[in-house]
Amino acid sequence: MTALREMHEAELRRHIGKVVAGIGAKDVEALRRLYTPDVVSFDVEPPLRHVGIEAKLHNWRNVFTLFEKVAYEVRDLAFTVGDEVAYGHFFGRLSGTLRNGTATSGMWVRATLCFRKIDGEWLIAHDQVSVPFDISTGKGVTDLTP
């Protein structure tokens, strides 16, 4: 890996750290700064596609409404990096304490993020979050761990 690619990957890892910190702080405005205005998100929440930053932030607001305290864990983060685009994939888990006082360890999901470098800064232009499903039942499988 070239020094420039290593530098880009380090920037992207810091970016993911900012996402994790923004979720933990329930800071919608901090998260807003990490996405492109036209971000497209294929999230676990309906509908099939969320387009634009307001749609993405609506999902985070829903999460923050449900949780009194929230945390996000990232495992097995890997990147492929170009000069102006990059993508990463990882396992992620949202956990914490719900507003009703119930602690939840959450579930592991698969996530892919696509980045564009805009004005010298990496921003998330696309994200996709999914769970495997049992083809015989058509139901998501949410009890797997990486």
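How many residues lie between S3 and S4 in the hairpin that they form? In this predicted model, three residues stand between the two strands of that hairpin, and the legends below begin with an overview before turning to this and other close-up views.

**View 1. Overall fold of the predicted protein chain.** The protein chain contains three helices and nine strands, which follow one another along the sequence in the pattern α-α-β-β-α-β-β-β-β-β-β-β. The radius of gyration is 16 Å, in agreement with the value near 15 Å that would be expected for a compact globule of 146 residues. Along the principal axes, the C-alpha atoms fill a box of roughly 45 × 35 × 25 Å. Of the 146 residues, 35% count as buried, and of the contacts between residues at least 6 apart in sequence, 52% join residues that are at least 24 apart.

**View 2. Surface and charge of the protein chain.** About 8400 Å² of the protein chain is exposed, and carbon and sulfur atoms supply 57% of this area. The protein chain carries 18 positive and 19 negative charges, whose mean positions are 4 Å apart.

**View 3. Strand S1 and its pairing with S7 and S2.** Strand S1, residues 35-42, runs parallel to strand S7, residues 121-130, and four bridges join the two; within this pairing, Phe-42 has Gln-128 of S7 as its bridge partner. S1 is also joined to strand S2, residues 50-51, in this case by two bridges and in the antiparallel sense, with Val-40 standing opposite Val-51 of S2.

**View 4. The cis peptide bond between S1 and S2.** Pro-46 and Pro-47 are joined by a cis peptide bond, for which omega is about 5°. Pro-47 belongs to the loop that lies between S1 and S2, the two strands that pair antiparallel through two bridges.

**View 5. The hairpin of S3 and S4.** Strand S4, residues 85-98, pairs with S3 in the antiparallel sense over twelve bridges, and the two strands form a hairpin with three residues between them. Across this pairing, Ala-71 stands opposite Ser-95 in S4. Strand S3, residues 67-81, also holds Asp-76, a residue other than glycine whose phi is nevertheless positive, near 60°. The relative accessible area of Asp-76 is 54%, which is over the 50% cut-off, and the residue therefore counts as exposed.

**View 6. Surroundings of Ser-105 in the loop between S5 and S6.** Ser-105 lies in the loop that follows strand S5, residues 103-104, and leads to S6. Leaving aside neighbours within four places in sequence, Ser-105 is in contact with Arg-93, Leu-94 and Ser-95, and the last of these, Ser-95, is the residue in S4 that stands opposite Ala-71. The C-alpha atoms of Ser-105 and Ala-71 are separated by 9.6 Å, although the two residues are 34 residues apart along the chain.

**View 7. Asp-119 in the loop between S6 and S7.** Asp-119 is found in the loop between strand S6, residues 108-118, and S7. Phi of Asp-119 is near 50°, again a positive value in a residue other than glycine. With a relative accessible area of 81%, Asp-119 is exposed. The loop that holds Asp-119 leads to S7, the strand that runs parallel to S1 and is joined to S1 by four bridges.

Technical notes: Residues are numbered from 1 along each chain as its sequence is written. This is a predicted model: local features need pLDDT of at least 70, side-chain atom pairs count only at pLDDT 80 or more; totals for chains, interfaces and linings use all residues. Side-chain values use heavy atoms; hydrogens and water are left out. The radius of gyration is taken over C-alpha atoms; the globule rule is 2.2 Å times the number of residues to the power 0.38. Buried means under 20% relative accessible area, exposed over 50%, partly exposed in between (1.4 Å probe, protein chains only). Contact means heavy atoms within 4.5 Å. Accessible areas come from the Shrake-Rupley method with a 1.4 Å probe; for residues, only the protein chains shown count as cover. Lys and Arg count as positive and Asp and Glu as negative; His and the chain ends are not counted. The place of a charge is taken as NZ of Lys, CZ of Arg, CG of Asp or CD of Glu. Two strands pair if DSSP finds at least two bridges between them.
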